[in-house]
Amino acid sequence: MKEKVVLAYSGGLDTSIIIPWLKENYDIDVIAVCANVGQDDDMDKIHDKAIASGAIKAYCEDLKEEFITTTIYAAIKAETKYEGRYLLGTALARPIIAKKLVEIAQKEGAKYICHGCTGKGNDQVRFEGTIAALDPSIKVIAPWRMWDIKSREDAIDYASEHNIPVVATKKKIYSVDDNLFHVSTEGGDIECLQNEHNKDIYKKTKSPEDACDVAEYVEIYFEQGVPKKVNNEELSPVELLEALDSLGCKHGIGIVEILENRLVGMKSRGIYETPGGEILYTAHNYLESATLDKDSLHLKQRLSLEYADLIYNGKWYSKACSAITAFMDETQENVTGSVKLKLYKGNIKPAGIFTENALYDESISSFGDSELYDHKDAEGFINLFTLPLKINAMKDKKNSK
């Protein structure tokens with residue numbers, strides 16, 4: 001009886017050529033697994049293509065809601081961004097996909113999991129980190145670290161030689177990752193830093209220049225940091241994100257270009273589209289600014305940077321990541337209420353915060369009189385607060401004599 005390998009299969013260029021390559025180089029049965037995290041693909045066609053390419057079985061798993069409720073919600077609560085800009089759309093999907101690969105490998109009795117990640121990218125670490133955390137007995141096959149194919153051009157030639165239909169061409173050779181939360185585009189002419197990226201690459205949003213000429217308001221309701229309603233309508237997690245994606249696209253929201261530092265040591269230029277995600281991050285930020293105390297907020301902001309690194313580096317299932325997730329959940333106890341935003345030409349402007357948990361009190365913060373705060377109280381506070389500065393200055397003056 002042949003051994004089995006579970007292949008992370010998308011039907012794209014890389015994974016399309018992996019099935020025949022595995023059958024050529026291993027005496028092994030291939031089980032393809034396509035994880036549906038909201039990418040713009042026909043799952044039935046992908047299933048049939050996997051079987052036609054030589055897989056003995058193909059799974060198409062709907063993981064959209066789990067993707068949102070498990071990792072996207074956690075990212076929104078933390079407002080975590082890698083290097084301060086990237087909303088981690090690809091990195092957040094990988095632990096969900098890899099977890100399903102492990103589950104199916106265990107179900108099918110497969111000793112191997114295979115992925116199509118390149119040896120230069122971050123995803124190889126994300127997949128294999130999750131596999132190691134959930135079932136270290138499973139062995140990994142990574143063709144891009146083994147075969148003679150050195151580039152996407154080589155991969156296209158291999159596909160042609162084996163009569164495998166692929167969408168990528170040598171003229172348009174972008175590497176695209178598409179899911180419910182974002183679209184990332186890399187490669188091709190984007191790799192040249194001197195080139196302005198072309199707005200024709202956008203799949204999930206549009207350029208601000210082409211956006212609607214009329215501003216629009218949207219109100220988002222959160223319950224303990226989790227988005228629940230849009231314009232007072234309660235929606236499922238998938239419906240809510242799709243609704244905000246549509247609004248964000250209409251108004252040119254969510255385009256980020258970043259020259260990021262990959263885990264493997266090199267820099268990479270990527271164009272990210274996260275329209276609904278940017279709206280949610282912004283709304284959450286405004287609501288939290290009103291409901292979270294200073295010490296908790298500042299600590300949360302520092303931990304958010306660490307959280308982003310852990311997620312980007314494929315350590316979602318690490319103890320450190322779990323601990324920060326628990327901290328972030330704790331900070332969201334009072335992050336309940338609605339935020340009204342104004343969307344226009346790529347910009348998001350706050351238009352109102354509505355919550356019973358606001359720590360802001362107009363009567364205290366106002367420049368007028370307040371029972372809880374007397375202007376004269378500041379004098380003693382400032383004397384104590386600046387005492388270390390005075391002592392240091394006195395010491396410096398004495399030593400300079």
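**Entry 1: S16 and G11**

I started at S16, which is buried at 0% relative accessibility. This is a predicted model, so I read everything below as computed from that prediction. S16 sits in helix α1. I listed what S16 touches, skipping residues up to four places away in sequence, and got Y9, G11, K49, I164 and V166.

I then went to G11, since it turned up on that list. G11 is in the loop between β1 (3–8) and α1 (13–25). G11 also counts as buried, at 18% relative accessibility, because the cut-off is under 20%. Leaving aside neighbours within four places in sequence, G11 is in contact with S16 and K49. So K49 appears in the contact lists of both G11 and S16. I also checked the polar side of the pair: the backbone oxygen of G11 lies 3.0 Å from a polar atom of the S16 side chain.

I looked up the record too. UniProt (unreviewed entry) lists a "binding site" made of A8, Y9, S10, G11, G12, L13, D14, T15, S16, A35 and G116. Both G11 and S16 are among them.

**Entry 2: Q124**

Next I picked Q124, in helix α5 (residues 123–134). Is Q124 buried or exposed? Buried, with a relative accessible area of 6%.

I wanted to know what the Q124 side chain has for polar company. I found the backbone oxygen of G121 at 3.0 Å from a polar atom of that side chain, and the backbone oxygen of T118 at 3.4 Å from one. Not counting residues up to four places away, Q124 touches H115, C117, T118, G119, R145 and V264. T118 therefore shows up as a contact of Q124 and also supplies a backbone oxygen, under the 4.5 Å contact cut-off.

**Entry 3: domains and cores**

I pulled the domain assignment: domain 1 (3–162) and domain 2 (175–292 + 334–354). Their centres, taken over C-alpha atoms, are separated by 25 Å. The contact between them takes 33 residues from domain 1 and 35 from domain 2.

UniProt (unreviewed entry) has its own range, residues 4–165, under "domain: Arginosuccinate synthase-like N-terminal". Over residues 4–165 I get 50% helix and 16% strand, with the end C-alpha atoms 25 Å apart.

Then I went after the nonpolar cores. The largest has 72 residues, and those with the most contacts inside it are V6, F67, L88, I220, L244 and L341. Helix α4 (residues 89–108) gives the most to this core, with 10 residues. Where does the core lie relative to the two domains? Domain 1 and domain 2 both give residues to it, so it lies between them.

I followed L341 further. Beyond its neighbours within four places in sequence, L341 is in contact with E216, Y217, V218, I220, I279, T282, A283, Y286, I348, K349, P350 and A351. Apart from the largest core lies another, of 29 residues, with L7, I19, A32 and A58 among them.

**Entry 4: I173**

I173 is in the loop between α6 (152–161) and β6 (175–178). At 11% relative accessibility, I173 counts as buried even though it is in a loop. Its contacts, leaving aside neighbours within four places, are R152, E153, I156 and G188. I checked one pair for distance: I173 and I156 are 17 residues apart in sequence and 9.6 Å apart in space, C-alpha to C-alpha.

**Entry 5: two positive phi values**

Most residues other than glycine have a negative phi, and I noted two exceptions here. Q224 has a phi near 50° and sits in the loop between β8 (216–223) and β9 (226–230). N231 also has a phi near 50°, in the loop between β9 and β10 (233–234). How covered are they? Q224 counts as partly exposed at 44% relative accessibility, and N231 counts as partly exposed at 46%.

**Entry 6: the whole chain**

Last, I took the overall numbers. The chain has 13 helices and 14 strands. Buried residues make up 49% of its 401 residues. The C-alpha atoms fill a box of roughly 85 × 60 × 45 Å along the principal axes. The accessible surface comes to about 20700 Å², and 49% of that belongs to carbon and sulfur atoms. Among contacts between residues at least 6 apart in sequence, 74% join residues at least 24 apart.

Key. Residues numbered from 1 in each chain as written. Predicted model: local features only at pLDDT ≥ 70, side-chain atom pairs only at ≥ 80, totals over all residues. Heavy atoms only, no water. Helix = DSSP H or I, 4+ residues; strand = E, 2+ residues; numbered from the N terminus. Buried < 20%, exposed > 50% of the residue type's maximum accessible area, 1.4 Å probe, protein only. Polar contact = N/O pair within 3.5 Å; in protein donor to acceptor, adjacent residues only side chain to side chain. Core = buried A, V, L, I, M, F, W, Y, C linked by side-chain atoms within 4.5 Å. Domains from an automatic or database assignment. UniProt positions renumbered as here; feature names shortened; annotations may be inferred. Areas by Shrake-Rupley, 256 points an atom, 1.4 Å probe, with all protein chains shown as cover.
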